[in-house]
Amino acid sequence: MDGILHGAQAVQRRAMSKAITLLESTRADHRAQGDELLTALLPHTGQSFRLGISGVPGVGKSTFIEVLGLHLIGLGHRVAVLTIDPSSTVSGGSILGDKTRMEHLSMHEKAYIRPSPSSGTLGGVAEKTREAMLVCEAAGYDIVMVETVGVGQSEIAVAGMTDMFVLLQLPNAGDDLQAIKKGVMEIADLVVINKADIDPHAATRAEAQITSSLRLLSQHGNPERSLGHPRHAPAAGHGAVPAESEPAPVQADAAPWQPKVLQISALQGQGLQAFWAAVSQFRQLQTASGRLARRRERQALAWMWERIEAGLRHAFRQHPEVRALLPTLQADVAAGRIAASTAARNLLAAQENSRHTAIK
């Protein structure tokens, strides 16, 4: 804890890495130590801006994050990046090669990059990404970015743990129907069309399609988004955003944020000022209206219930009567001698010490 809060650069990096490793551990004693450390660090968290960045594989997330991170460091920020790498369903391993992709950012003294395996967790993030974000915040990193696994349309977990959800898209990624499919598109706060320099006409066409789809999606939905993510107002047409990094102040009763669509080229470094101006505008607007605070409150409660469910699953698997009954029932289900739903009920009954005879 002292290294995270007060350590010099090398000491702090090592302390952060050890803390995140401790929080990711599945050992019972490590979990207890991790909970104690997290509770002690909690008063020092909450001052950063959490930015979730998602997109399909190959959209250029790592390149975009490196260029953006270096741009933000130039503006005086300290940047932490939590990258999630998909784990193999065959071997269980992960490459964890994002530091190689972010060569310049990873070596900068004001940046910290931590790759983590998804370890089978769905939603594009790792199980302990929230805990890792708090460690970075306690260490004084005022911008925390979460780069998800290359996601599809249903992997939206990152929106439930960040202040702003940015979706990266490619030109020529689909037709009008693809643009209005629900999922990540309807909860994006900002849609960025990367690699716009390759085909400017396709990028402009994609911008128009996505802008129209955001307007349509925002008109049909619940007043509040799930995962602690507030519902947007109807999207406005795309337009130029100011190049300055700090927009004009807004009043507390200002209108809700309207999702925007921007074109950038991360490789060429084009569009970063407009992107960060939009992010700064979003942050100031949501903070002044109180929506950002309410969003974090809902996310904290969702996090609690998520950990409860994970703890219940772990306790269920470790229950002695469940462990005794599980091999037989697994064999019966695999052989088709018992329905999976019946086996599940028997295992749940065993946990409650009211074990029933398996139906054959």
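1. Leaving out neighbours within four places in sequence, Met133 contacts Arg50, Leu82, Val144, Val146 and Met161. The model in which these contacts are found is a predicted one. Met133 belongs to helix H7, which covers residues 129-138. With a relative accessibility of 2%, Met133 counts as buried, since the cut-off for that class is under 20% relative accessible area. One of its partners, Val146, lies 13 residues away from Met133 in sequence, and the C-alpha atoms of the two are 8.5 Å apart in space.

2. Helix H7 also meets helix H12. The axes of H7 and H12 come within 12 Å and cross at roughly 130°. H7 is therefore oblique to H12, as 130° falls outside the ranges for roughly parallel, roughly antiparallel and roughly perpendicular. From H7, the residues taking part are Arg130, Glu131, Leu134 and Glu137, and they meet Arg296, Trp303, Glu306 and Arg307 of H12. By class, this contact comprises six charged residues, two nonpolar ones and no polar ones.

3. Helix H12, residues 291-318, has a further packing partner in helix H11, residues 272-289. Here the axes are 5 Å apart and the packing angle is about 80°. H11 and H12 are therefore roughly perpendicular to each other. On the H11 side the contact is made by Phe282, Gln286, Thr287 and Ser289, and on the H12 side by Arg291, Leu292, Arg294 and Arg295. The residues of this contact divide into three charged, three polar and two nonpolar.

4. Helix H4 runs over residues 61-74, a total of 14 residues. At 1.5 Å a residue, a span of 20 Å is expected for H4; the C-alpha atoms at its ends are 20 Å apart, so the model agrees with the expectation. The buried residues of H4 are Lys61, Ser62, Phe64, Ile65, Glu66, Leu68, Gly69, Leu72 and Ile73. In reading such a list, one may recall that an α-helix has 3.6 residues a turn, so residues three or four places apart point the same way. Just after H4, Gly76 adopts a positive phi of about 100°.

5. A second positive phi deserves a remark. Lys195 has a phi of about 60°, although Lys195 is not a glycine. Where does Lys195 lie? Its place is the loop between strand S6 (190-193) and helix H10 (200-218). The relative accessible area of Lys195 is 28%, so this residue is classed as partly exposed.

6. Helix H10, which follows that loop, contains Leu214. Is Leu214 buried or exposed? Leu214 is buried, its relative accessible area being 5%. Leu214 and Ala188 are separated by 26 residues in sequence, while their C-alpha atoms are 8.8 Å apart in space.

7. Some overall values complete the note. The protein has 14 helices and seven strands. It comprises 360 residues, of which 46% count as buried. Among contacts with a separation of 6 or more, 76% are accounted for by residues 24 or more positions apart. The accessible surface of the protein comes to about 17600 Å², and carbon and sulfur atoms hold 55% of that surface.

Definitions and conventions. Residues are numbered from 1 along each chain as its sequence is written. This is a predicted model: local features need pLDDT of at least 70, side-chain atom pairs count only at pLDDT 80 or more; totals for chains, interfaces and linings use all residues. Side-chain values use heavy atoms; hydrogens and water are left out. Axes are lines fitted to C-alpha atoms, for helices over the stretch in contact, and angles run from 0 to 180 degrees between N-to-C directions. Helices (H or I, at least four residues) and strands (E, at least two) are DSSP runs, numbered from the N terminus. Angles under 35 degrees count as roughly parallel, over 145 as roughly antiparallel, 65 to 115 as roughly perpendicular and the rest as oblique. Contact means heavy atoms within 4.5 Å. Ala, Val, Leu, Ile, Met, Phe, Trp, Tyr, Cys and Pro count as nonpolar, Asp, Glu, Lys and Arg as charged, and the others, Gly among them, as polar. The expected span of a helix is 1.5 Å times one less than its number of residues. Buried means under 20% relative accessible area, exposed over 50%, partly exposed in between (1.4 Å probe, protein chains only). Accessible areas come from the Shrake-Rupley method with a 1.4 Å probe; for residues, only the protein chains shown count as cover.
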